[in-house]
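Okay, thanks for making time, everyone. I'd like to walk through the empty space and the packing in this one, so let me put it on the screen.

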Amino acid sequence: MNLANRNLVTIDDLSNSEIEALFSLADEMANSPNEQAGLCQGKIMASLFFEPSTRTRLSFEAGMLRLGGRVITAVDIGASSLAKGESLADMARVVGSYANIIVTRHPWEGAAKVVADYAGVPVINAGDGSHEHPTQTLCDLYTIRKERRTLKGLRIALWGDLKHGRTIHSLIYALARFGATILFRPGPGLEMPEHVLRRLSTEYKGELKRYEAVNQEVEEGLFPIDAIYMTPSSPHQLAMLPDVSLQVELKAGVDALYVTRLQKERYAPTVEAQELKKGYPVVDKKLLKGKEFKKTLVMHPLPRVDELTHEVDADPRSMYFKQAAYGMPVRMALIALLLGAKEITIPEKDDSFALKPDYPVYKRDSGVKCPNINCVSNQETEARYIKPEFKIVSREPLTLRCVYCDHELHPRYVASSDWHEGRLENKRYHSADSHFARKIKPENLIIFASENEAQTQQFKPSSYVRQ
Ligand code: CP
């Protein structure tokens, strides 16, 4: 199987079988890193890192050099023509004419998708804001597979900034696909975004149970979790005993504790940010004495700050420096595959992709915008050519998911392009939750951000508008 010319923008761009096959190739790269120099000779990788990076950028660049290719780099928006107001699309087109493959990191969510849409060469997302970081997930899964020999049916605890941690978001989708049971231990106010949870329960068909007693758990000296996500394929006890404490679940032990730092670059330096820092949970020797962590892999994408103490480094359960080191063979394998320099073997009928339901798409000139101010579609330089685009993921309630950053919105007013038949007196708008609104075919749907917007476009309220 040839993965040539594919992009890796989200972890869902790879099937489970492709991930496993990529790992076999990474094993080959790790076993003989000095024998790969012929694979990408004559190829150029553009490394566009518009946010700080040590591991991702350097392991990609070292990987390409080991494959015999060459690297061109831009690491500062201020030193590129983006600073002059150039759009990402124009930059992508140009860089795509200089390089055979692009690796990009950018603070805007959805930036990697835009680069992939315009570059004309394979694009790898090395982190787009708080959205996704799929190659970190590959390193994480590769580490788990090395240590546990399987990726299936594991119990993984996610710790820290679940709201802004892009490594967490890519990882949780992959874990769900491999049938993991996932425990959530967020810092206060840093819970997993609702749109991620919704996607887990609708597209991965798992079950989320929230748990309110975090503080009580801390007092009792138990591992404090605030929610647990159970995939349909993972064996667990809670489904059979719904009222039993989550600690029952924990008795079976945790395979990996995945720690993340507070993503302080995603906040303005306010008093609120100081408060988040104060309440942030810490992993230390004492916590790891818990029975549930006896055989736990302690993981962290790094860099770490205060959330994982240095005293844990010597513990054989600590995996984070291995995770970083595995970055090179994993990324070498990925580059070689996307450049078509290597092939992998996967089952002829690969049914291990994430479910990608055929949601109707909403894309009109007027109407709603993505609610995420950090979304690429909301940036001045990009709004000149990007038309906001959404998947209609639910009609009850009406829910739109931005195709760039995955954030969701619930518009309140809709109309039909069919029913008004061009006659002004028939142009009516309705509350989105009215039964009348739900009858409008997706292709005829017009969505308004507000009543004011509907009226500006000369629509009048129907009797299905709730006051
Ligand atoms: N894990 C990770 O993305 O590290 P860097 O920010 O150093 O690339």
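So, the lining of the largest cavity: by class, that's three nonpolar, three polar and two charged residues. This is a predicted model, by the way, so keep that in mind throughout. The residues in question are Arg55, Gln136, Cys139, Pro301, Gln323, Ala324, Gly327 and Arg331. Which helix gives the most to that lining? That would be H11, with four residues. Helix H5, residues 134-148, also supplies at least two, as does H11. The space inside is about 40 Å³, and if you search the whole structure for cavities of 30 Å³ or more, you find one.

Now the open space. The largest pocket holds about 520 Å³. It's lined by 22 residues, and the closest to its centre are Thr10, Asp13, Lys356, Lys391 and Val403. Three elements give two or more residues each to that lining: helix H4 (111-119), helix H7 (194-203) and strand E13 (398-402). H4 gives the most, with three. If you're thinking about electrostatics, here's the breakdown of the pocket lining: 11 charged, eight nonpolar and three polar.

On to the packing. The largest nonpolar core has 68 residues, and the ones touching the most other members are Leu138 and Leu158. H11 shows up again here: this helix, residues 320-338, gives the most to the core, with 10 residues. What does Leu138 touch, once you skip residues up to four places away in sequence? The list is Leu8, Ile11, Leu14, Ile19, Leu22, Phe23, Val330 and Leu334. There's also a second, separate core of 49 residues, and Val9, Ala116, Leu409 and Ile440 are among its members.

Last stop, helix H6, residues 166-177. From its first C-alpha to its last, H6 reaches 17 Å, close to the 16 Å you'd expect for its 12 residues at 1.5 Å a residue. Is H6 mostly covered or mostly open? Mostly covered: 12 of its 12 residues are buried. Buried here means under 20% relative accessible area, and that takes in the charged-type names too, since Arg, for one, counts as charged: Arg166 and Arg177 are both on the buried list, along with Thr167, His169, Ser170 and Tyr173. After the helix comes glycine 179, with a positive phi near 80°.

Okay, that's my tour. Shout if you want to go back to any of it.

Notes: Residues are numbered from 1 along each chain as its sequence is written. This is a predicted model: local features need pLDDT of at least 70, side-chain atom pairs count only at pLDDT 80 or more; totals for chains, interfaces and linings use all residues. Side-chain values use heavy atoms; hydrogens and water are left out. The expected span of a helix is 1.5 Å times one less than its number of residues. Buried means under 20% relative accessible area, exposed over 50%, partly exposed in between (1.4 Å probe, protein chains only). On a 1 Å grid over the protein atoms alone, a cavity is a set of points where a 1.4 Å probe fits but cannot get out, and a pocket is an open set with protein on both sides within 12 Å along at least five of seven lines; lining residues have an atom within 4 Å of a point. Grid points are joined across faces, edges and corners, and a volume is the space filled by probe spheres set on the points. A nonpolar core is a set of buried Ala, Val, Leu, Ile, Met, Phe, Trp, Tyr and Cys residues joined through side-chain atoms within 4.5 Å. Contact means heavy atoms within 4.5 Å.
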